[in-house]
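I opened the file to look up how the chains meet and how the strands are arranged. My entries follow in the order I made them.

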There are 2 protein chains.
Amino acid sequence: MLAAVIHGARDVRAEERPDPTILTPGDAVVRVVAACVCGSDLWSYRGVAPTHEPHPIGHELVGVVEELGDEVTSAKVGDFVIVPFSLSCGQCQACRAGFPSACDVVTFFGSPDRQGLPVDGAQGERVRIPLAQHSLFPVGLTEEEVEARGLVPHLLTLADVMSTGYHAAVSAHVGPGDVVAVVGDGAVGLSGVLAAKILGARRIVAMSRHEDRAALARRLGATDVVAERGAEAPAAVRALLDGDLADAALECVGTKESMDQALSVVRGGGRVGFVGVPNGGPELPVGRLFTRNLTVGGGMASARRYMEELLPRVLDGSIQPGAVFDLELPLAEVAEAYAAMDERRATKVLLRP
Amino acid sequence: MLAAVIHGARDVRAEERPDPTILTPGDAVVRVVAACVCGSDLWSYRGVAPTHEPHPIGHELVGVVEELGDEVTSAKVGDFVIVPFSLSCGQCQACRAGFPSACDVVTFFGSPDRQGLPVDGAQGERVRIPLAQHSLFPVGLTEEEVEARGLVPHLLTLADVMSTGYHAAVSAHVGPGDVVAVVGDGAVGLSGVLAAKILGARRIVAMSRHEDRAALARRLGATDVVAERGAEAPAAVRALLDGDLADAALECVGTKESMDQALSVVRGGGRVGFVGVPNGGPELPVGRLFTRNLTVGGGMASARRYMEELLPRVLDGSIQPGAVFDLELPLAEVAEAYAAMDERRATKVLLRP
């Protein structure tokens, strides 16, 4: 089969690899209908996270179940499924509490599972899915129905990006009437805007310097756009809000600067939900949290859990989270997909095997 | 009047000072009925926070209003009041949101106010209270009634220690059915145990090595006691909870070690409420929060807000937060009060002017 393999900085190739097979009774094999490139894939692509040896890459997919191990009863062969970016058991304390990304045996695409068996990347034609009983999420439609209704991009976002934006908003306890600032205008930040709207925010301030992304943020629910950064950001927010700051901020980048900005634009007692993968920045300033009574929470999204809340909204057309995709390419052109995102020619690229 | 003044490490003296007077129309003068010594006062007493010049000390009091500025209508002369440890305006965004300790003009005992006018310490016979309109909290009883019913110690805790324990629990979103671990067996930790019980925790694990404090923790609502610290703490909690960890932890100390311990005893997706004044430790490990999906929130307590929730419980006798006091001394013996707490001969000392 064809699959994306990263060899090093700015070197992602579509290559032939062996087809995956069932290796344990808890596995499934899924044929990928669509995958995509994540902002966090760019950390390896840019060499910020070094690639020590070539490995398959990608962690977002929708597809059709082709084979099932004997123990998997949560889906049938032929089901159209979303697979969350983190594979989880559904049984441990973290899973039961609704945090499958902190599962005791959490397993990620492109790395060996807990038994040391290989797991493919999602940017490929087929993937073995360990922990399939809890990780497969059938959408209740056939592949033909999904395609005919144009749902592929929207469903694909529930595997990661939309769920991650939603996790930022849930972690920041966004609720009706809140004023929410969103730091980051990438696909996660844009999803965070939509999530804040779903959760009832009264006013949503997208912090963006890019005209096209700001326009998309407005389409997804942003009521205001602030271009200022750094020390100027809180002043700009105050100017917008009659001297007030935001009740909550969503940190959707993962750098020291973006966290600082998120902390600076919320009021005393405010909440910051963070989902940007922390990228080597210093740690959280505990004295500043203490003095301003701030709460910071987040991490990897509970995608598997949020699918249950978000799928009905996608199916009834009330949200269109797939709006974050602005380029679609065949899997064979995966190198161009990464380059387009790296060079900010695309916000998020959908790949079709 | 007599008042406590700190001169340097392990040097607190009861001294004669001028009686305070009304200096602005927003002031009150309160005659102190009881004050006490806080764990955070020990940072200065031990020289961890250096004392550059002698200044009055103490920030917890109950008393009787003696004089009022022209603008203060929230209390009458003769009212028995609790005064929160942080004085606040009640008007700014943080106050309106319920976080008076993050007030735009927050003012503390023993330091000049925002106009540069002196504010006495609470460990004295009288105090000028700026921002009195929002900061005085009349309890609706006369001094004689309060004394006759033995309510002084209980009401005094609402000025800081009980409100601070409650803030830890509120910041950790403790709710019905939760398993809560409390790190710290000082007066704040003990108050945190009681707070977790008030908020409906199913199981409360007091982390204590001191037999007497563990016994008091059990009286206040702890269901279990764990003596282990450091790397052994989470294992001990797991042993107690059939392999699980706590849903939430209350960090009531303020050191790197106590925060580490709090983070280590909660499950994936768990919440840590912190109220220990951060004492020079390193910052919060953001990568660890991310990987385990933890939420950390807290700071200085919203004592003024919690009085409204906690006073009825004190008045109807359903809680006895004054149980944290195990020594009462006259103000003239304030040096012994500090020494007793410093040497852990007392958990918390009540002072009578």
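**Entry 1: a charged pair across the chains**

Which side chain of chain B does R96(A) meet in a salt bridge? I looked it up and found D244(B), with 3.5 Å from N to O. I note here that the model is predicted. The count between chain A and chain B is 2 salt bridges, and this pair is one of them. Side chains of opposite charge can pair when their charged atoms come close.

I then looked up polar contacts between chain A and chain B and got 9 residue pairs, with both residues at pLDDT 80 or more.

**Entry 2: which parts of chain A touch chain B**

I listed the elements that each supply at least two residues to the side of chain A that touches chain B: α2 (93-96), β15 (266-274), α11 (286-292) and β16 (295-298) of chain A. The largest share comes from α11(A), with 6 residues. By class, I read 19 nonpolar, 14 polar and 6 charged residues on that side of chain A.

**Entry 3: extent of the contact**

How many residues does the contact take from each chain? I found 39 residues from chain A and 39 residues from chain B. The area buried between the two chains is about 3,100 Å², and carbon and sulfur atoms give 60% of that area. In chain A, the residues that lose the most area to chain B are Q93(A), F290(A) and N293(A). Together they make up 24% of what that side buries.

**Entry 4: strands across the chains**

I next checked how β16(A) is joined to strand β16 (residues 295-298) of chain B. There are 3 bridges between them, and the two strands run antiparallel. V296(A) stands opposite V296(B), and G297(A) has T295(B) as its bridge partner in β16(B).

I followed the pairing outward and found an open sheet of 12 strands with mixed pairing. The order is β13(A)-β12(A)-β11(A)-β14(A)-β15(A)-β16(A)-β16(B)-β15(B)-β14(B)-β11(B)-β12(B)-β13(B). The edge strands are β13 (224-226) of chain A and β13 (224-226) of chain B, each of which pairs on one side only. From one strand to the next, the twist averages 20°.

Which helix of chain A packs on this sheet, touching β12, β13 and β14 of chain A? I found α9 (residues 232-240) of chain A there. The direction of α9 makes about 150° with that of β12(A).

**Entry 5: another sheet in chain A**

I also looked up an open sheet of 3 strands in chain A, in the order β2-β1-β4 with antiparallel pairing. Its edge strands are β2 (11-16) and β4 (55-56) of chain A. Strand β1 (residues 2-8) of chain A pairs with β4(A) over 2 bridges, and I6(A) stands opposite H55(A) in β4(A). Helix α13 (residues 334-342) of chain A packs on this sheet, where I see it touching β1 and β2 of chain A. The direction of α13 makes about 160° with that of β2(A).

**Entry 6: salt bridges over the whole structure**

I searched the whole structure and got 46 salt bridges over all chains. I picked out R288(A) and D260(A), whose side chains meet at 3.5 Å, N to O. R288(A) lies in α11 and D260(A) in α10 (residues 256-264), both of chain A, so this pair ties together parts that are 28 residues apart in sequence. I also recall from Entry 2 that α11(A) gives 6 residues to the side of chain A that touches chain B.

Note on methods
Residues are numbered from 1 along each chain as its sequence is written. Chains are lettered from A and ligands numbered from 1 in the order in which they are written. This is a predicted model: local features need pLDDT of at least 70, side-chain atom pairs count only at pLDDT 80 or more; totals for chains, interfaces and linings use all residues. Side-chain values use heavy atoms; hydrogens and water are left out. Contact means heavy atoms within 4.5 Å. Buried area is the accessible area (1.4 Å probe) that two parts lose on being put together, summed over both. A salt bridge is a side-chain nitrogen of Lys or Arg within 4 Å of a carboxyl oxygen of Asp or Glu. A polar contact is a pair of N or O atoms within 3.5 Å; within protein, one must be able to donate a hydrogen and the other to accept it, and residues adjacent in sequence count only if both atoms are side-chain atoms. Helices (H or I, at least four residues) and strands (E, at least two) are DSSP runs, numbered from the N terminus. Ala, Val, Leu, Ile, Met, Phe, Trp, Tyr, Cys and Pro count as nonpolar, Asp, Glu, Lys and Arg as charged, and the others, Gly among them, as polar. Two strands pair if DSSP finds at least two bridges between them. Axes are lines fitted to C-alpha atoms, for helices over the stretch in contact, and angles run from 0 to 180 degrees between N-to-C directions.
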